[in-house]
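Visitor: I'm new here, and I keep hearing labels without hearing the reasons behind them. Could you take me through a few?

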Amino acid sequence: MPPAPASAVTFRLATRDDLPRVVALIADDAVAAARTGSFGPAHVAGFEAIEASPNDELVVAELDGEVVGVMQLTFVPGISRNGATRLLVEAVRVDAALRGQGLGRALMTYAHERGRERGCVLAQLTSDKQREDAHRFYRSLGYAQSHEGFKLPL
């Protein structure tokens, strides 16, 4: 019996060559499509900024040599919580054909491991209010909807 995708997935930092696939994964739903756009120079600039930052990682999940998932991890030093560093998890996406097979859980497990390695005491994320399936998923991982989020376009 072949291994389940989640057991065979590997994680690595994204490379510039991964960017078209990463953008396609992030844009592959009605909520994100318009705000992500099509792959272009702005995505390359964003990738270069992430790559240059010691507190950011763009991580891809790879299965059989293909990028099937992505997430951005940001390690946020702070003053509150006794000077704690927080793990901010953003843009978690799994290939639509592979959803429900444990890849999202594997991505998040990897994120939490990276956070602990970096000394983070808390993981946090935001999720669009329209993403009810994602909210169920995050709650199943132990995340609590403890705060109201606010955003302001600049």
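Guide: Let's talk about some rings and one arginine in this predicted model.

Visitor: How many aromatic pairs does a search of the whole structure find?

Guide: The search finds 3 aromatic pairs. Phenylalanine 137 and tyrosine 138 make up one of them, a tilted pair with 5.3 Å from centre to centre and 55 degrees between the planes.

Visitor: Why is that pair called tilted?

Guide: Ring centres have to lie within 6.5 Å to pair, and tilted covers planes that are neither under 30 degrees nor over 60 degrees apart. With 5.3 Å and 55 degrees, phenylalanine 137 and tyrosine 138 therefore count as a tilted pair.

Visitor: And what makes the pair of tyrosine 138 and tyrosine 143 edge-to-face?

Guide: Their planes are 65 degrees apart, with 6.0 Å centre to centre. Edge-to-face takes over 60 degrees, so that label fits. Ring pairs link Phe137, Tyr138 and Tyr143 into a cluster.

Visitor: Why does tyrosine 138 count as buried?

Guide: Its relative accessibility is 11%, and buried means under 20%. Tyrosine 143, at 15%, is buried too. Phenylalanine 137 has 22%, and partly exposed runs from 20% to 50%, so phenylalanine 137 is called partly exposed.

Visitor: How do you know that arginine 93 is buried?

Guide: Arginine 93 has 12% relative accessibility, which is under 20%, so it counts as buried. You'll find arginine 93 in strand E4, residues 85-94.

Visitor: Which residues is arginine 93 in contact with, leaving aside its neighbours within four places in sequence?

Guide: Among them are Leu25, Asp29, Val70, Leu107 and Arg131.

Technical notes: Residues are numbered from 1 along each chain as its sequence is written. This is a predicted model: local features need pLDDT of at least 70, side-chain atom pairs count only at pLDDT 80 or more; totals for chains, interfaces and linings use all residues. Side-chain values use heavy atoms; hydrogens and water are left out. Buried means under 20% relative accessible area, exposed over 50%, partly exposed in between (1.4 Å probe, protein chains only). Helices (H or I, at least four residues) and strands (E, at least two) are DSSP runs, numbered from the N terminus. Contact means heavy atoms within 4.5 Å.
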